[in-house]
Amino acid sequence: MSTAVSPAEQLLYRPEEAAIALRIGRSMLYEEIRLGRLQTVRIGRRRLVPPEYISQYVELLKREAEATA
């Protein structure tokens with residue numbers, strides 16, 4: 001029996017997984033978190049990114065792109 005979760009069912013992403021999903025580097029991801037542009041949740045000392053926060057970040061990027069166009 002496998003305990004692996006398909007990406008469609010994943011509820012929380014590790015920062016490295018979120019960076020891959022967003023096609024950005026790990027350093028850039030942590031910078032966006034530090035700036036408050038990408039939200040995270042904490043469980044103990046672990047920082048995790050829910051898929052809806054990734055979607056909100058993408059929407060933020062779209063709004064910024066439209067504002068500069």
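This report walks through a predicted model of one protein chain, from its overall layout to single residues.

**Layout**

The chain holds 3 helices and 2 strands. Read along the sequence, they come in the order α-α-β-β-α. Of the 69 residues, 23% count as buried. The chain exposes about 5,300 Å². Carbon and sulfur atoms supply 55% of that area. Take the contacts between residues at least 6 apart in sequence: 42% of them join residues at least 24 apart.

**The nonpolar core**

The largest nonpolar core has 10 residues in all. They are Tyr13, Ala18, Ala19, Leu22, Leu29, Ile33, Leu38, Val49, Ile54 and Tyr57. Three elements, α1, α2 and α3, each give two or more residues to this core. Helix α1 gives the most, with 3 residues.

Tyr57 is one of the core residues. Leaving aside residues up to four places away in sequence, Tyr57 touches Leu22, Glu32, Arg37 and Leu38. Of these, Leu22 and Leu38 also belong to the core.

**Helix α2 and its two sides**

Helix α2 runs over residues 26-34. Which of its residues are buried? They are Leu29, Glu32 and Ile33. These three cover an arc of only 105° around the axis, so they sit on the same side of α2. A general rule of helices fits here. An α-helix has 3.6 residues a turn, so residues three or four places apart point the same way.

What does the buried side of α2 pack against? Its buried residues pack against α1 (15-22), β2 (46-48) and α3 (51-68). The face turned away from the buried side carries exposed residues, Ser27 and Arg34.

Glu32 deserves its own look. It lies in helix α2. Its relative accessibility is 7%, which is under the 20% limit, so Glu32 counts as buried. Not counting residues up to four places away in sequence, Glu32 touches Arg37, Leu38 and Tyr57.

**Salt bridges**

How many salt bridges does the structure hold? There are 6. Three of the pairs are listed here, with the distance from N to O.

| Pair | N to O distance | Relative accessibility |
|---|---|---|
| Glu17 and Arg14 | 3.3 Å | Glu17 24%, Arg14 40% |
| Glu16 and Arg26 | 3.2 Å | Glu16 31%, Arg26 47% |
| Arg34 and Glu31 | 2.8 Å | Arg34 60%, Glu31 31% |

Start with Glu16 and Arg26, whose side chains meet in a salt bridge. This pair links distant parts of the chain. Glu16 is in helix α1 and Arg26 is in helix α2, 10 residues apart. Both partners are partly exposed: Glu16 has a relative accessible area of 31%, and Arg26 stands at 47%.

Arg34 and Glu31 form a salt bridge too. Both lie in helix α2. They are 3 residues apart, about one turn of the helix. Arg34 counts as exposed, because its 60% is over the 50% limit. Glu31, at 31%, counts as partly exposed. Salt bridges that share partners also join Glu32, Arg37 and Glu64 into one network.

Glu17 and Arg14 make a further pair. Glu17 counts as partly exposed at 24%. Arg14 is also partly exposed, at 40%.

**The surface and the turns**

Leu11, Leu12 and Ile43 make a nonpolar surface patch of about 300 Å². Leu12 lies in the segment before α1. Its relative accessibility is 31%, so Leu12 counts as partly exposed.

Where is Arg23 found? Arg23 sits in the loop between α1 and α2. Its phi is near 60°, a positive value in a residue other than glycine. At 71% relative accessibility, Arg23 counts as exposed.

Gly36 comes just after α2. Its phi is positive as well, at about 85°.

**Pulling it together**

Helix α2 ties several of these points together. Leu29 and Ile33 are buried in α2, and both belong to the largest nonpolar core. Glu32 is buried in α2 as well, and it takes part in a salt-bridge network with Arg37 and Glu64. On the face turned away from the buried side, Arg34 is exposed and forms a salt bridge with Glu31.

How values were computed: Residues are numbered from 1 along each chain as its sequence is written. This is a predicted model: local features need pLDDT of at least 70, side-chain atom pairs count only at pLDDT 80 or more; totals for chains, interfaces and linings use all residues. Side-chain values use heavy atoms; hydrogens and water are left out. Buried means under 20% relative accessible area, exposed over 50%, partly exposed in between (1.4 Å probe, protein chains only). Helices (H or I, at least four residues) and strands (E, at least two) are DSSP runs, numbered from the N terminus. The arc is that of the directions from the helix axis to the C-beta atoms. Contact means heavy atoms within 4.5 Å. A salt bridge is a side-chain nitrogen of Lys or Arg within 4 Å of a carboxyl oxygen of Asp or Glu. A nonpolar core is a set of buried Ala, Val, Leu, Ile, Met, Phe, Trp, Tyr and Cys residues joined through side-chain atoms within 4.5 Å. Patches are made of residues with over 30% relative accessible area and no salt bridge: like charges are joined within 9 Å, nonpolar side chains (Val, Leu, Ile, Met, Phe, Trp, Tyr) within 5 Å. Accessible areas come from the Shrake-Rupley method with a 1.4 Å probe; for residues, only the protein chains shown count as cover.
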